[in-house]
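This report looks at how parts of a protein chain pack together, and it is best read with the structure open alongside. Please keep the sequence to hand as well.

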Amino acid sequence: MDYKEYNACLQILQAKSGWFRKEEHAGSKLECLETFRSKGSPSHIHVLIPFLKSDDEIFRQRTAEVITSLFGKLKSQNQLYDSLKYVPIDVSDIEFFSNTFPGDVS
């Protein structure tokens, strides 16, 4: 995933959906998540974590699946540490993830 593609997808994922354009944004966001899944690396996990608390259940679930897929691309414990050291997760987030997602995902 090159820098230009990364930035474009990140802007789409961060865009707020209006009432009338919700469907259009949902499709674009899911396409960007697929781009992260197929072309992304574990170093992209930290930008996806905030989307796990989205109000859109489908988007939230797909984000969790993409993050799980990116974890599968890890090659070492050092890479795991580098991928997660800047992730803004609080204890309340862990509780939310445990209550929202199935055990294997959370």
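## Two residues of helix H5

A residue counts as buried when its relative accessible area is under 20%, as exposed when that value is over 50%, and as partly exposed in between. The model shown here is a predicted one, and two residues of helix H5 show how these words are applied to it. Ser 83, which lies in helix H5, has a relative accessibility of 3%, and it is therefore counted as buried. When residues up to four places away in sequence are not counted, Ser 83 touches Pro 42, Ser 43, His 46 and Leu 74.

Leu 84 also belongs to helix H5, which covers residues 77-84, but with a relative accessible area of 31% Leu 84 is partly exposed. Not counting residues up to four places away in sequence, Leu 84 touches Ile 45 and Phe 71. Leu 84 can also be placed with respect to Glu 95, for the two are eleven residues apart in sequence and, from C-alpha to C-alpha, 18 Å apart in space.

## The largest nonpolar core

Which residues have the most contacts inside the largest nonpolar core? They are Leu 13, Phe 36, Leu 48 and Leu 52, in a core that has 21 residues. Two or more residues of this core come from each of helix H1 (3-14), helix H2 (22-39), helix H3 (45-48) and helix H4, and H4 gives the most, with five residues.

Leu 48 can serve as an example from this core, since a list of its partners is available once neighbours within four places in sequence are left aside. On that basis, Leu 48 is in contact with Leu 13, Leu 33 and Phe 36, and also with Thr 63, Val 66, Ile 67 and Leu 70.

## The second largest pocket

The second largest pocket holds about 290 Å³ of space. Its lining is made up of 16 residues, and those that lie nearest the centre of the pocket are Leu 52, Phe 71, Phe 97, Val 105 and Ser 106. Helix H4 (57-71) and helix H6 (91-100) are the elements that give two or more residues to this lining, and H4 gives the most, with four residues.

How many residues of the lining are nonpolar, polar and charged? Twelve of them are nonpolar, three are polar and one is charged. Two residues named earlier return here, because Leu 52 and Phe 71 are among those nearest the pocket's centre, while Leu 52 is also listed for the core and Phe 71 is touched by Leu 84.

How values were computed
Residues numbered from 1 in each chain as written. Predicted model: local features only at pLDDT ≥ 70, side-chain atom pairs only at ≥ 80, totals over all residues. Heavy atoms only, no water. 1 Å grid on protein atoms, 1.4 Å probe; cavity = no way out; pocket = protein on both sides within 12 Å on 5 of 7 lines; lining within 4 Å. Points joined across faces, edges and corners; volume = space filled by probe spheres on them. Nonpolar A, V, L, I, M, F, W, Y, C, P; charged D, E, K, R; others polar. Buried < 20%, exposed > 50% of the residue type's maximum accessible area, 1.4 Å probe, protein only. Contact = heavy atoms within 4.5 Å. Core = buried A, V, L, I, M, F, W, Y, C linked by side-chain atoms within 4.5 Å.
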